[in-house]
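Hi,

Here is the model I said I would pass on. Have a look at it first, and then read my notes underneath.

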Amino acid sequence: MKRKKDQMALHLMMLPGMILLAIFSFTPMFGIIMAFQNYMPARGIAKSPWVGMDNFIFMFQMPDSKQIFINTITIAVGKIILSTFVTIVFALLLNEIKNKFMKRSIQTIVYLPNFLSWVILATVVVNIFSYEGPINAVLEMLGIEPILFMASNKWFRSVLIVTDVWKGFGYGAIIYLAALSGIDPGLYEAAAIDGANRFKRVWHITLPGILPTIMLVTIMNLPNVLNAGFDQIFNLYNPLVMETADIIDTWVYRVGLVERQYSLGTAVGLLRSIVGIILMLSANKIAQKVTDYRIF
Amino acid sequence: MIEKRAFGGIVADIIIWIIVGALALSCLMPLMNIVAISLSDNAAVSANLVNIFPIGFNISSYQEIMGDKQFWRSFGISVLRVVLGLSVNITLLVLTAYPLSKSPKFFARQKVYMSLVLFAMLFSGGLIPTFMVVNSLKLTNTIWALILPGAVPLGNVILLMNAFRGVPKSLEEAAMIDGGSQWVILLKVFLPVVKPTLAAVTLFTIVGHWNDYFSALVYITDTANYPLQTYIQQLNVDITEVTDPDKLEQLARISSRTLNSAKIVVSTIPLLMIYPFMQKYFVSGIVVGSVKE
């Protein structure tokens, strides 16, 4: 039963959101034109000279672009691999702890870093990895020369990967813990009667039980291979490690906004988001095929 | 338990406890370290003696913060931003998600709106064009620059839309027969049912607004108007812009560390206050978070 006043009310509800989307989502999309111009703020988009694909050609010829791309992929893929591993191992181990109170307390602690911003955690990370910090103190005890982690092109990426995994592993484990709680306890009892030891039970029951979740999370991570983590790197990097830590997102911010090369910044940003969208749509497709799950 | 714990079981238990315990401590100790530094004597901090307990316990850095006008100004701006941002986000969230949850049979233009929302979710003009729009609307340097560009929380709209679809049809039909308008039905019938989803979204929205430092960095040019996270981010900048390794170490060591740590602790307290309430919603939060990006 369609009533006219219902239609009016529903349109009215949509109105404020649509106006805001029009201004702050759809209007900026026209700004993409700048990627094909030599944009000059004094002339505006309408009167700036067209340059065709020049910005994109320049981007590929830039000496830094290869390095920035490699940095982005290396850091992002490193984070995905290590975090998947650590998160699953942590979830499996936590699942073996039967003391409810201890389990809850541990969960409360390990979820916490996820809710703190990188602005705050940057100080924490600098403290720990500083020349006289605890990590170097341990190295010294082992007779290893102290390392300038935050200023070393050899070590900085590893610091980024490890600290990012540290921030997220606890919270990331939630999805696996949910999957683990869905495994039928009867299976374990049956396996125990058949004489399967603890390790065998984890291998033959627990892991297959959470395999769909592992697959889904891995597929959904696909778009993240371009997402090396702007907030973390922006708050931790310094000119000394620019060579190994500068990623697409930090580059776009610096060149596009700080140095005001609007056209070049927009061009790089555009290419990055197009690849990002393709990756996201593919992840959605693959997930739908493999696990029957879709985001949209 | 069916089987008796064998010796191997006990050894395995110990190993599990050690690993899980170490991981938990790795999350707790760095944070305790910051608190300890903030409560320690400058000399002990400079000499890197402070671990997880304060040395030369004193609260002078907290006393100094008490009189720091800029710190409290930024704190106030952050609070105002959370209040305004949350009200705007939740209002638009409910108003947008509700019509979208209707079937195209009931709401004739549902499909058009839905495709607009999905389009906005997938594509964006990017950082620079958005900056230019905000700039040309003369919103730069106002608190609205931090709130309006993200006013419609698209990921959460989809989440709440699905929650609305889960509301039993019979409830709605009964209300319609009573002659209630869509506004009344939304407020009286639908909102009470989706309260848990709204609560989860509310908490995660608060954290998002409180933690965001970046929009102010882009849109606020007068540093006196920075919210707290951007203010603290600026404290770190002098460290990240040094090019000489020795100088970097030196700067990290100077005595402002106790003061900066105290600022970090105070800025985290509001989060710790809502943290216990969030525990209930962690699982649904995963969903909120995953569609948000």
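Below is what I found, starting with confidence and ending with the contact between the chains.

Keep in mind that this is a predicted model. Chain A has an average pLDDT of 91, and 98% of its residues score at least 70. Within chain A, confidence bottoms out in helix 2 (residues 44–47), with a mean of 86, and peaks in helix 11 (residues 230–236), at 95. Chain B averages 86, with 87% of the residues at 70 or above. The stretch to watch there is residues 288–293 of chain B, where the pLDDT is below 50 and the model has eight contacts beyond near neighbours in sequence. Where pLDDT is low, the predicted coordinates shouldn't be read in detail.

On to the annotations for chain A. An unreviewed UniProt entry lists "transmembrane region" at residues 12–36, 68–94, 106–129, 169–190, 202–222 and 262–281 of chain A. I looked at two of those spans. Residues 169–190 of chain A are 86% helix and 0% strand, with end C-alpha atoms 32 Å apart. Residues 202–222 of chain A come out at 90% helix and 0% strand, and their end C-alpha atoms lie 27 Å apart. UniProt (again an unreviewed entry) also places "domain: ABC transmembrane type-1" at residues 69–283 of chain A. That stretch of chain A is 75% helix and 0% strand, and its end C-alpha atoms are 21 Å apart.

A local detail you might like is helix 9 (residues 185–193) of chain A. Asp184(A) caps its N-terminal end, with a side-chain oxygen 2.9 Å from the backbone nitrogen of Gly186(A). After helix 9 of chain A comes Gly195(A), which has a positive phi, near 90 degrees.

Next, the salt bridges. There are seven over all chains. In one of them, the side chains of Glu96(A) and Arg198(A) meet at 2.8 Å, N to O. Glu96(A) sits in helix 4 (residues 63–96) of chain A and Arg198(A) in helix 10 (residues 198–220) of chain A, so the pair ties together parts that are 102 residues apart in sequence. Arg198(A) also forms a salt bridge with Asp13(B), where the closest N and O atoms are 2.8 Å apart. How many salt bridges does the rule find across the interface of chain A and chain B? Just one.

So much for charges; here is the rest of that interface. Chain A and chain B bury about 8400 Å² between them, 76% of it on carbon and sulfur atoms. In chain A, the residues that lose the most area to chain B are Met13(A), Phe24(A) and Phe115(A), together 9% of what that side buries. The contact draws on 88 residues from chain A and 98 residues from chain B. There are also 15 residue pairs in polar contact between chain A and chain B, counting pairs with both residues at pLDDT 80 or more. On the chain A side, helix 1 (residues 4–30) gives the most, with 21 residues. By class, the side of chain A that touches chain B has 60 nonpolar, 17 polar and 11 charged residues.

Cheers

Definitions and conventions:
Residues are numbered from 1 along each chain as its sequence is written. Chains are lettered from A and ligands numbered from 1 in the order in which they are written. Side-chain values use heavy atoms; hydrogens and water are left out. UniProt positions are given in the numbering used here, feature names are shortened, and annotations may be inferred rather than shown by experiment. Helices (H or I, at least four residues) and strands (E, at least two) are DSSP runs, numbered from the N terminus. Contact means heavy atoms within 4.5 Å. Buried area is the accessible area (1.4 Å probe) that two parts lose on being put together, summed over both. A salt bridge is a side-chain nitrogen of Lys or Arg within 4 Å of a carboxyl oxygen of Asp or Glu. A polar contact is a pair of N or O atoms within 3.5 Å; within protein, one must be able to donate a hydrogen and the other to accept it, and residues adjacent in sequence count only if both atoms are side-chain atoms. Ala, Val, Leu, Ile, Met, Phe, Trp, Tyr, Cys and Pro count as nonpolar, Asp, Glu, Lys and Arg as charged, and the others, Gly among them, as polar. pLDDT is the predictor's confidence in each residue, from 0 to 100.
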